[in-house]
Amino acid sequence: MGIWESARKHPKLICSGIALPSRFARFPLSQFLIFRFSTFPLSRFPHFSLFYFSLLSIVDFPLRSAPFRLLRSRQLMTKVATPFLADADSEFYLPADAFFRANLPTALTFDDVSLATLYSEILPKDADTSTSLSDALRLQIPIISSDMDTVTESRMAIAMALNGGLGLIHYNMSAKEQVKEVARVKRHIHGLIQDPITVTPDQLIGDLLSMIEMKRFAFSTFPVVDPQGILTGLLSGNVVKDRYKTKKVAEVMTPRAQLITENEAAVAKDPITAADHFFSAHVGLNKMLVIDDAGRLRGLVTISDIEKITNELKSRRKPARDSQFRLVVGAALSPVRTASGELDRNKILSHVGHLVDEELDVIAVSTAHGHTAGVGDVVKLVRGAFPDLTIIAGNVTSAAGVSFLADCGANAIKIGQGPGSICTTRIVAGVGIPQLTALHVASVAARAKGVKLVADGGITKSGDIVKALSIGDAVICGGLLAGCREAPGEIMEISGKVYKQYRGMGSLSAMKAGSAARYGHDKNDSSQKVAAEGIEALKEVSGSVDDVLGNLIGGVQSGMGYLGAANLAQLRSKARFIRVSPAGQKEAAPHDVIEVSTRTSSA
Ligand code: XMP
């Protein structure tokens, strides 16, 4: 059968307007020809078409022999059709480089694109979300909480690391306070309350009742300590009652001699297991008091915390820890200057030295414009003095910016200028690049320089994280975490709804509190009018970091499952993109229904 006859009999194999005999595809030469020409617009080149068909006929000739005829079956046809279909996919769904080039000169962000699904053998729950920011710093999940004063202090950083991520402690506080915050994370022992609220033997129960009401404590059992911090008893909630208000703590507490305590050295390595055994062995006790050799109170474990933690441990990802089993933490560093405008090298080096003494894992040189002499000098300075410290630097949105910071010594580069939910840089300064195009351009330099990329800002849902990770190595979230109870700041109620404050580090109030240097201004310089590049806002309270990260990582794993990616390296290599029209964006969200629930998880 010749090719024309084939075309009549097997119309399914019509490709680019040319019918091809199914058996051709079994042979390397004919496959080569088919692939070579299937995307070629033959109708526009009649002479070339003639040559092409003659060539096919020559190839076809030996295939007419009897053994090959046997191979002509429907089954074979199905197999043969696959390359053509795959070819259609690769024509429409493009890998990152081809895709972003094809869309030039337009810059794109998360909602402008969608990822094409691929054959998969990966169940979402098995997708490995671990990533690294340097040889020394590995995270179990690729999410970092932003170094903003309404997002990350020690409480947020502890919660992030316990979930396998990383928190960057902001720098709108004194250098001393930032070192303390880092120390709190590094010394955190999960389950052990290291600075419990204590009372003294001579306090009146009536005074304690007022304190509980004023501070809104949800508990009324307190360890009793003397002025030297030595444990002298335990005040049970049963006696913190109005009827005993005129009595002193010493009169109604359980005295030290009757208390069962644990030594800090015995429980420090694994307080959760130690407490689990303690509560099983001492029926009826619901507090484990931890003391040192001198009898000083060193901590407290409650039975309700232990039960909560052991339940959570079953579902939680592994925490991100250093080689000494401590939680990992990062801190933001500002390029501080002397009164004469020079970089204050001594101050910077001494501060980083104190942070490193507390076993800081990563320093983030955080500015709005990282492709500058000043930021480069800070990175070089820190790299020179601390050769093993992981350095994140930014922000940039160009390949040249990435190369520059990599050459200065950064391990990971923050990408993002103006995508953040509270940012006004693009409006105020007229600069910045939509985030996905910026990430792609940056990735060209990152690959060449062997540095990691962190997508910073603009992430509003887990799908955005999947798209960012199809190019970069990790993401930084501000707004998504600012509503969590672990974020700094008071909860406020407005018309029955509860909110937390969330403000840009370039907002006027944040710059006054210290972040002016990040935007190239001086916070004490009242002679100049400072242009704010961020706003002050509110976020609805969104529960705990555990819940928020659980949802986000669940979404990331779903995305990886759809692309058949067992890990993030496979996600990057397999991702293929398509542009989404405004109608496609509308189609992507719930539409044409009346929503009765906006819950995204079963929790
Ligand atoms: P999201 O979208 O997660 O963004 O809320 C957080 C990121 O935004 C950056 N950031 C700012 N950018 N003006 C800006 O242009 C600001 O005032 C500002 N404050 C924070 C920062 O990179 C953060 O991680």
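## An aromatic trio

Let's start with three rings: F99, F100 and F577 gather into one aromatic cluster. A search through the whole structure turns up 5 aromatic pairs. Keep in mind that what you're looking at is a predicted model.

## The chain as a whole

The protein chain has 603 residues, and 47% of them are buried. Its secondary structure adds up to 24 helices and 24 strands.

How much of the contact list comes from residues 24 or more positions apart? Counting contacts in the protein chain with a separation of 6 or more, such residues account for 67%.

## A mixed sheet with a helix on it

Now for some strands. In general, the strands of a sheet pair through backbone hydrogen bonds, and they can do that in a parallel or an antiparallel way.

One open sheet here has 3 strands, in the order β12-β13-β14, and its pairing is mixed. β12 (261-263) and β14 (297-302) sit at the edges with a single partner strand each, so one side of each has no neighbour in the sheet. From one strand to the next, the twist averages 30°.

Strand β13 (residues 287-291) runs antiparallel to β14, and 5 bridges join the two. Want to find one of these? Look for I291, whose bridge partner in β14 is L297. Helix α12 (residues 271-281) packs on this sheet and touches β12, β13 and β14. The direction of α12 makes about 125° with that of β13.

## An antiparallel sheet

Another open sheet of 3 strands goes in the order β21-β22-β23, with antiparallel pairing. Its edge strands, β21 (491-494) and β23 (536-540), each pair on one side only. Ignoring direction, neighbouring strands of this sheet are turned by 45° against each other on average.

β21 pairs with strand β22 (residues 497-503) in the antiparallel sense, over 4 bridges. To spot where they meet, find E493: it stands opposite V498 in β22.

## A helix with a bend

Helix α18 (residues 435-449) is 15 residues long. From its first C-alpha to its last it reaches 21 Å, close to the 21 Å expected at 1.5 Å a residue. Where does α18 bend? The spot is S443, and the bend there is about 25°.

S443 is also one of the buried residues of α18, along with others including L436, L439, A442 and A446. As a rule, an α-helix has 3.6 residues a turn, so residues three or four places apart point the same way. Just after α18 comes G450, which takes a positive phi of about 70°.

Terms used
Residues are numbered from 1 along each chain as its sequence is written. This is a predicted model: local features need pLDDT of at least 70, side-chain atom pairs count only at pLDDT 80 or more; totals for chains, interfaces and linings use all residues. Side-chain values use heavy atoms; hydrogens and water are left out. Two strands pair if DSSP finds at least two bridges between them. Axes are lines fitted to C-alpha atoms, for helices over the stretch in contact, and angles run from 0 to 180 degrees between N-to-C directions. Contact means heavy atoms within 4.5 Å. The expected span of a helix is 1.5 Å times one less than its number of residues. The bend at a residue is the angle between axes fitted to the seven residues ending there and the seven starting there. Buried means under 20% relative accessible area, exposed over 50%, partly exposed in between (1.4 Å probe, protein chains only). Rings of Phe, Tyr and Trp (its six-membered ring) pair if their centres lie within 6.5 Å; planes under 30 degrees apart count as stacked, over 60 as edge-to-face and the rest as tilted.
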